[in-house]
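Colleague: Could you take me closely through one part of this structure, the surroundings of the bound ligand that interests me at the bench, and then carry on outward from there? I would rather have one connected account than a list.

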Amino acid sequence: MTEVPVPYQVVRRSQETTDTTTLVVEPVARALPPFRPGQFAMIYAFGVGEIPVSVSGILDHRHRLAHTVRAVGAVSAAVCAAAEGQELGLRGPFGTGWELERAAGGDVLVVAGGIGLAPLRPLIRAALAGAGRYRRLNLLAGARTPDDLLYADELRCLADAAPAHVAVTVDRPGHGWLGSVGMVTQLLNRADFAPGETTAFVCGPEAMIRATARDLRHRGVPADRIRVSLERNMRCATGHCGHCQLGPLLLCRDGPVAGYDRVAPLLAVREL
Amino acid sequence: MADYDTTPAVLDRAGLAALVRVLAGRGRTVVGPTVRDGAIVLAELDSADQLPWGWGTELEAGRYRLRRRDDEAGFAHSAGPQSWKTFLHPARERQWSADRDPDGQLTIVPDRPEQPAYAFLGVRPCDLRAIAIQDRVLAGGHFADDGYRTRRSGAFLIALECTEPGGTCFCVSMGSGPGVEAGYDLALTEVLDDDGHRFLIRAGSPEGAEVLAELSTDRADEATVTTARTTVAAAAEHMGRAMPPMDLRALMGDSLDAERWDDVAARCLSCGNCTLVCPTCFCTTTEEITDLTGDHAERWQSWDTCFDLDFSLLHGGPVRSSTRSRYRQWLTHKLGTWHEQFGSSGCVGCGRCLVWCPVGIDITEEVAALAEEATS
Ligand SMILES: Cc1cc2nc3c(=O)[nH]c(=O)nc-3n(C[C@H](O)[C@H](O)[C@H](O)COP(=O)(O)OP(=O)(O)OC[C@H]3O[C@@H](n4cnc5c(N)ncnc54)[C@H](O)[C@@H]3O)c2cc1C
Ligand code: SF4
Ligand code: SF4
């Protein structure tokens, strides 16, 4: 059925950075089916348009969802500007999830660049909640500047959590930044994980995904254990608009999360 | 065995006129070919008189001409500028309407207008295949396009076997024509010889058999059956074009770095005509429209083309910024990745894309060049 957006109300908003906002939304009446980490919703800003946005939080309370949105254009700016109490329309859940279960018994390695941390946040929470089922949990995050780092407080708390190792790097350090500077791939060298028993979950700009996956392969992580989340233009999310093609994949249906074994040859072709 | 009568019958021109009346009488909107503005277009028909009796077409890459025939054949023309997707998957369609009340509450309702019960008269084998392909794309997956599914499931298809293929046809090499075996309600074969002008007609569904029973027909004579069969078989030998006989899907997969893409990109205007006329191309975009009060909004869907720069737009720019990459996307999708996505090729060999290309780019020629490059 051609589903129409279901009204959700903004119950809390927090400004993450100058251009990025996290909204917690809750269904006004009917709730959408449950989302899994890595899946996305189509968010409708009334009178402006609809955009794909991953879930950045899946809450038990009142079927609430969190979305972290960076304002880059008309619709994302309108979503970011939604006030508490305002209604948005949501469709979903769409796409493949991260499938954290794949990492059971081994190490979990999360690598995020910029807004790419948003879809990984529910995965990290699930990994912490399932501690014991996984060995080491490494979270490596990159941002343009220290001010662009998402969920800074949460990352600090996480760094204190027993099984988690958190490392952050920025492209351009500001005053007072004592941490790493440079590409997120540099953090890989210092992270403690057993490549053969690691499942990596990667999201960020495509160049960062390529570089990270390449380095992980060099370190010996099997290609099918490198799970990447990709982005393409999307108009419908139901497999009918044709915009989200990446070679044989329709990323709204066969993605956004896919194994690097599947996508490596596709990402190697320019302008595919 | 079918549980309805599939015995072929014979109709004359008056019988065809009666068929149109019977379908209209059953509440159907009859759509078929007719001459308009120098082309044979698909339009709603009030009577069989509007069919293009005595008209033929001359087709070449980048060229379409109507011509008067020496006979009164009604269906001896090839694919025109439109296809049935104009009716089943229209160029523009409203998907939903949304209202915002003074408290900011949203009410969003799907658009489900009454859909016409179509009867398509004269669906070519290539186009019958194209409809089956769009069925898989738009209604065969996890999500179905409601409007499409409703129009499609209510449509009555009268197939028409090809007896005179055009210079740009290559259905034989795509395995989609010139005869039809299934997927229709009624199938017609036009027969024109010394014994007169008539149609062999057979039912392919219970409703088809019911409609046929309402017409006064004669059981088909042996001669008509044989002539129909041999004319269709002969048509297979008269295709104006052919795709190279090879695994096109594998060729596409192996050709992503081919030099030929630069060659075709130097000619291609990136106008998207080929995608608009192609009976299987399905891509769409969306548009948000608000009224003056700002409290009523509508979501519209309209055809889009992968030749448009915005089609692949992401933050930072389009993924496919060169014409090379956009033509490659179109062709490799059509003949290659369509298989993985929807279980078949996306090309049926109708030839529309080459006829309506302003610079006459010929899909069969491009594929042949890619094949040559791959083997050299
Ligand atoms: C599966 C998926 C999950 C996503 N998750 C998030 C998320 O969690 N948080 C977040 O902030 N963003 C996310 N995005 C990106 C977000 O959808 C785009 O930023 C948004 O569509 C831009 O639309 P706009 O109307 O604001 O911009 P427009 O006015 O359309 O254009 C502004 C810029 O955004 C580009 N753009 C248009 N459509 C897209 C698109 N679908 N994807 C990317 N860029 C586009 C344009 O090319 C232009 O450069 C996700 C995208 C996908 C495909
Ligand atoms: S690609 Fe060309 S020949 Fe093939 S179905 Fe489309 S329009 Fe017809
Ligand atoms: S119709 Fe011809 S010129 Fe136009 S986009 Fe298609 S191949 Fe290019």
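**Ligand 1 and beyond**

Modeller: The residues that form the shell around ligand 1 divide into 12 nonpolar, 7 polar and 3 charged. Please keep in mind that this is a predicted model. Ligand 1 lies between chains A and B, and of the 22 residues around ligand 1, those that come nearest are A:Pro52, A:Arg70, A:Ser76, A:Glu231 and B:Leu314.

Several elements of secondary structure contribute to this shell. In chain A, strand 4 (49–54), strand 6 (65–70) and helix 1 (74–80) each supply at least two residues, and so does strand 15 (313–314) of chain B. The most comes from strand 4 of chain A, which gives 4 residues to the shell around ligand 1.

Three polar pairings can be followed atom by atom. On the side of chain A, a backbone N or O atom of A:Val75 lies 3.0 Å from an oxygen atom of ligand 1, while an N or O atom in the side chain of A:Glu231 is 2.8 Å from a nitrogen atom of the ligand. On the side of chain B, a polar backbone atom of B:Leu314 is 2.7 Å from an oxygen atom of ligand 1. Taken alone, ligand 1 exposes 840 Å², and the protein buries 84% of that.

Turning to the other two ligands, ligand 2 is surrounded by 13 residues, of which B:Cys278, B:Cys347, B:Cys350, B:Gly351 and B:Cys353 are the closest. The elements that give two or more residues to this shell are helix 11 and helix 12 (352–355) of chain B. By class, the shell around ligand 2 has 9 nonpolar, 2 polar and 2 charged residues. For ligand 3, there are 13 residues around it, and B:Cys268, B:Cys271, B:Gly272, B:Cys274 and B:Cys357 come nearest; this shell has 10 nonpolar, 3 polar and no charged residues.

Helix 11 of chain B, which contributes to the shell around ligand 2, also takes part in two helix packings. In one of them, the axes of helix 9 (residues 260–267) and helix 11 (residues 323–342) of chain B come within 8 Å and cross at roughly 105°, and these two helices are therefore roughly perpendicular to each other. From helix 9 of chain B, the residues B:Trp261, B:Asp262, B:Val264 and B:Ala265 meet a set in helix 11 of chain B that consists of B:Thr323, B:Arg324, B:Tyr327, B:Arg328, B:Leu331 and B:Thr332. The residues of this contact between helix 9 and helix 11 of chain B divide into 5 nonpolar, 2 polar and 3 charged.

In the other packing, helix 11 of chain B meets helix 13 (residues 363–375) of chain B at an angle of about 90°, with their axes 12 Å apart, which makes helix 11 of chain B roughly perpendicular to helix 13 of chain B. Here B:Tyr327, B:Trp330, B:Leu331 and B:Leu335 of helix 11 are in contact with B:Ile363, B:Glu366, B:Val367 and B:Leu370 of helix 13 in chain B. The residues of this contact of helix 11 with helix 13 of chain B divide into 7 nonpolar, no polar and 1 charged. B:Tyr327 and B:Leu331 of helix 11 of chain B are named in the contact with helix 9 and again in the contact with helix 13.

Some details of the backbone also deserve a careful look. Most residues other than glycine have a negative phi, and most peptide bonds are trans. The peptide bond from A:Gly92 to A:Pro93 is nevertheless cis, with omega near -5°, and A:Pro93 is found in strand 7 (residues 87–94) of chain A. A cis peptide bond also joins A:Gly255 and A:Pro256, with omega about 5°, and A:Pro256 lies in the loop between strand 15 (249–250) and strand 16 (257–259) of chain A. As for phi, A:Arg62 has a positive value near 50° in a residue other than glycine, and A:Arg62 lies in the loop between strand 5 (57–58) and strand 6 of chain A. In chain B, B:Asp37 has a positive phi of about 50° although it is not a glycine, and B:Asp37 is found in the loop between strand 2 (29–36) and strand 3 (39–44) of that chain.

Key. Residues numbered from 1 in each chain as written. Chains lettered and ligands numbered in written order. Predicted model: local features only at pLDDT ≥ 70, side-chain atom pairs only at ≥ 80, totals over all residues. Heavy atoms only, no water. Near = heavy atom within 4 Å. Polar contact = N/O pair within 3.5 Å; in protein donor to acceptor, adjacent residues only side chain to side chain. Areas by Shrake-Rupley, 256 points an atom, 1.4 Å probe, with all protein chains shown as cover. Nonpolar A, V, L, I, M, F, W, Y, C, P; charged D, E, K, R; others polar. Axes fitted to C-alpha atoms, helices over the stretch in contact; angles between N-to-C directions. Parallel < 35°, antiparallel > 145°, perpendicular 65-115°, else oblique. Contact = heavy atoms within 4.5 Å.
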